[in-house]
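Visitor: Could you walk me through this model, one question at a time?
Guide: Happily; here it is.

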Amino acid sequence: MKMFPRWVPFLVVFFAGAGVAHAQSGTAADPGKGYAEVVAQSAFGNVTSQNYGVEVGFTISPAFQVFGEIGHTRDVASDAIGAAAQTIAGVLPQSQSPGYSVKQPLTFGVGGLKYLFPTGSEHLLPYAMLGFGVAKVENDATFSLGGVDVTGTLSQYGIVLGSDLSGSFTKPMFTLGVGASYVGWHSVVFDFQFRYGHVFASGESINVSRAGLGLGFRF
């Protein structure tokens with residue numbers, strides 16, 4: 001089972017002492033009452049894909065915001081689903097050039113806490129964040145013979161796809177991230193982001209990193 005990186009516990013501990021550090025090092029830029037933004041990111045882990053979503057946050061103190069994020073990653077396919085599909089393709093008639101493809105789209109919702117680093121700048125808000133939520137993963141495997149999709153007729157070859165290659169499952173997820181928001185003209189927000197997510201899936205955990213841009217406004 002693939003576990004999350006060793007640096008994860010250190011970022012969790014960081015949040016425990018962030019409030020004290022903030023008090024000793026000055027104040028951050030005014031975060032306003034909160035923000036709302038749409039997000040477009042490149043997602044990478046076992047495969048390279050794209051992620052889209054929305055994020056909102058509300059200021060609870062000069063140093064902290066609470067946030068919520070809903071997103072969809074097009075593919076996070078693990079090694080396990082690829083190996084399972086290859087096994088199925090291996091029992092199809094080899095004279096007809098069997099092929100397969102696998103995808104695991106991920107839809108998630110997380111909420112948590114964002115710490116704003118003090119900079120003295122009126123526009124720049126660097127931050128670190130920690131969130132928890134749930135993720136729905138869809139198992140999408142397709143099979144072909146001679147270039148023709150036979151996924152719906154696999155039963156004629158004595159094959160029934162299991163839950164590892166079809167259907168979906170919902171599991172807990174957490175996310176860690178860093179970034180910097182730049183507040184520009186008319187409170188428009190440009191949010192440069194990096195996120196790491198870990199889904200506690202059965203058999204093999206799913207890890208996905210995301211880097212991209214959020215565009216929205218501060219209110």
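Guide: One definition before we begin: patches are made of residues with over 30% relative accessible area and no salt bridge, with like charges joined within 9 Å and nonpolar side chains (Val, Leu, Ile, Met, Phe, Trp, Tyr) within 5 Å. This is a predicted model, in which local features need pLDDT of at least 70 and side-chain atom pairs count only at pLDDT 80 or more, while totals for chains, interfaces and linings use all residues. Residues are numbered from 1 along each chain as its sequence is written, and side-chain values use heavy atoms, leaving out hydrogens and water.

Visitor: Thanks! How much accessible area does the nonpolar patch on the surface have together?
Guide: Accessible areas come from the Shrake-Rupley method with a 1.4 Å probe, and for residues only the protein chains shown count as cover. The patch is formed by V38, V54, I70, L124, Y182, F190, F192, L213 and L215. Strands β10 (188-199) and β11 (206-218) each supply at least two of its residues, and F192 has its place in β10. Together the patch residues have about 800 Å².

Visitor: What pattern does the protein follow, read along the sequence?
Guide: Helices (H or I, at least four residues) and strands (E, at least two) are DSSP runs, numbered from the N terminus. The secondary structure comes to 2 helices and 11 strands. Along the sequence, the pattern is α-β-β-β-α-β-β-β-β-β-β-β-β.

Visitor: In what order do the 8 strands close into a barrel?
Guide: Two strands pair if DSSP finds at least two bridges between them. In this barrel the pairing is antiparallel, and neighbouring strands are turned by 25° against each other on average, direction ignored. Those angles run from 0 to 180 degrees between N-to-C directions, with axes as lines fitted to C-alpha atoms, for helices over the stretch in contact. The order is β1-β2-β3-β5-β6-β9-β10-β11.

Visitor: Which residue in β2 stands opposite Y35?
Guide: Strands β1 (residues 34-44) and β2 (residues 48-59) run antiparallel and are joined by 11 bridges. A hairpin of 3 residues connects β1 to β2. Opposite Y35, in β2, stands G57.

Visitor: And in β3, which residue is the bridge partner of G53?
Guide: The antiparallel pairing of β2 with β3 (residues 64-73) runs over 9 bridges. Here the hairpin between β2 and β3 has 4 residues. The partner of G53 is G71.

Visitor: Moving on to β5, what is the bridge partner of G68 there?
Guide: β3 and β5 run antiparallel, with 10 bridges joining them. Within β5, G68 is partnered by G111.

Visitor: Which residues are joined into one network by salt bridges that share partners?
Guide: A salt bridge is a side-chain nitrogen of Lys or Arg within 4 Å of a carboxyl oxygen of Asp or Glu, and the structure holds 3 of them. E55 forms one with K114, where the closest N and O atoms are 3.3 Å apart, and another with R195, again with the closest N and O atoms 3.3 Å apart. The second pair links distant parts of the chain, as E55 in β2 and R195 in β10 are 140 residues apart. The network therefore consists of E55, K114 and R195.

Visitor: Is R195 buried or exposed?
Guide: Buried means under 20% relative accessible area, exposed over 50%, and partly exposed in between (1.4 Å probe, protein chains only). R195 has a relative accessible area of 0%, and its partner E55 has 1%. Because its value is 0%, R195 counts as buried.

Visitor: How many residues apart are E69 and R210?
Guide: The side chains of E69 and R210 meet in a salt bridge at 2.8 Å, N to O. E69 lies in strand β3 and R210 in strand β11, so the pair links distant parts of the chain, 141 residues apart.

Visitor: Which residues does S166 touch, not counting residues up to four places away in sequence?
Guide: S166 lies in the loop between β8 (148-149) and β9 (168-183). S166 counts as partly exposed because its relative accessibility is 28%. With contact meaning heavy atoms within 4.5 Å, S166 touches N139 and L161.

Visitor: Finally, what share of the 219 residues is buried?
Guide: The accessible surface of the whole protein comes to about 10700 Å², with 64% of it belonging to carbon and sulfur atoms. Of the 219 residues, the buried share is 42%.
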